[in-house]
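Here's a quick briefing to read alongside the sequence and the 3D view. It goes through one helix, one of its residues and a patch on the surface.

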Amino acid sequence: MSILDKAKELTSRVADKTVEFSSDEVIASTIIKAVEKQEKVNAILKARGSNYRIGSLNLGMGIPPSVTFGIWRLSDLGTEEPGEAAAIVKKGSLAE
């Protein structure tokens with residue numbers, strides 16, 4: 001097998017993995033897991049009295065796929081009440 005044939009085969013495998021990741025079910029599962037993680041970490045931050053929360057999620061559909069969390073300071077959200085800020089953050093990140 002030539003180098004060119006190997007490259008074509010590798011390209012085909014990468015394309016297949018990209019299609020697998022872009023399926024609606026996989027994306028939905030990834031979002032659910034990421035939001036669950038966001039909620040758990042935000043609860044820990046709140047319990048420790050931190051002024052920071054995970055405020056945004058970005059899903060990267062590359063190879064490998066990635067989830068990036070954005071950290072926000074409560075005062076940057078226009079509120080000092082942690083419960084209100086967490087609700088604002090969740091609504092904003094899910095509605096986009």
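**Helix α2 and the surface patch**

Right after α2 comes Gly 49, and its phi is positive, near 80°. Keep in mind that this is a predicted model. The points below start with the helix and then move to the surface.

**Helix α2**
- Helix α2 covers residues 24-47, which makes 24 residues.
- At 1.5 Å a residue the helix should span 34 Å, and its end C-alpha atoms sit 35 Å apart, so the two values agree.
- Its buried residues are Ile 27, Thr 30, Ala 34, Val 35, Gln 38 and Asn 42.

**A closer look at Asn 42**
- Asn 42 is part of helix α2.
- With a relative accessible area of just 5%, Asn 42 counts as buried, because the cut-off for buried is under 20%.
- Leaving out residues up to four places away in sequence, Asn 42 touches Arg 53 and Ile 54.

**The nonpolar patch**
- Ile 31, Tyr 52, Leu 59, Met 61, Val 67, Phe 69 and Ile 71 together make a nonpolar surface patch of about 580 Å².
- Two strands, β1 (52-60) and β2 (66-73), each chip in at least two residues of that patch.
- The largest share comes from β2, with three residues.

**Phe 69 in the patch**
- Phe 69, one of the patch residues, is found in strand β2.
- Its relative accessibility is 30%, so Phe 69 counts as partly exposed; that class runs between the buried limit of 20% and the exposed limit of 50%.

Terms used. Residues are numbered from 1 along each chain as its sequence is written. This is a predicted model: local features need pLDDT of at least 70, side-chain atom pairs count only at pLDDT 80 or more; totals for chains, interfaces and linings use all residues. Side-chain values use heavy atoms; hydrogens and water are left out. Patches are made of residues with over 30% relative accessible area and no salt bridge: like charges are joined within 9 Å, nonpolar side chains (Val, Leu, Ile, Met, Phe, Trp, Tyr) within 5 Å. Accessible areas come from the Shrake-Rupley method with a 1.4 Å probe; for residues, only the protein chains shown count as cover. A salt bridge is a side-chain nitrogen of Lys or Arg within 4 Å of a carboxyl oxygen of Asp or Glu. Helices (H or I, at least four residues) and strands (E, at least two) are DSSP runs, numbered from the N terminus. Buried means under 20% relative accessible area, exposed over 50%, partly exposed in between (1.4 Å probe, protein chains only). The expected span of a helix is 1.5 Å times one less than its number of residues. Contact means heavy atoms within 4.5 Å.
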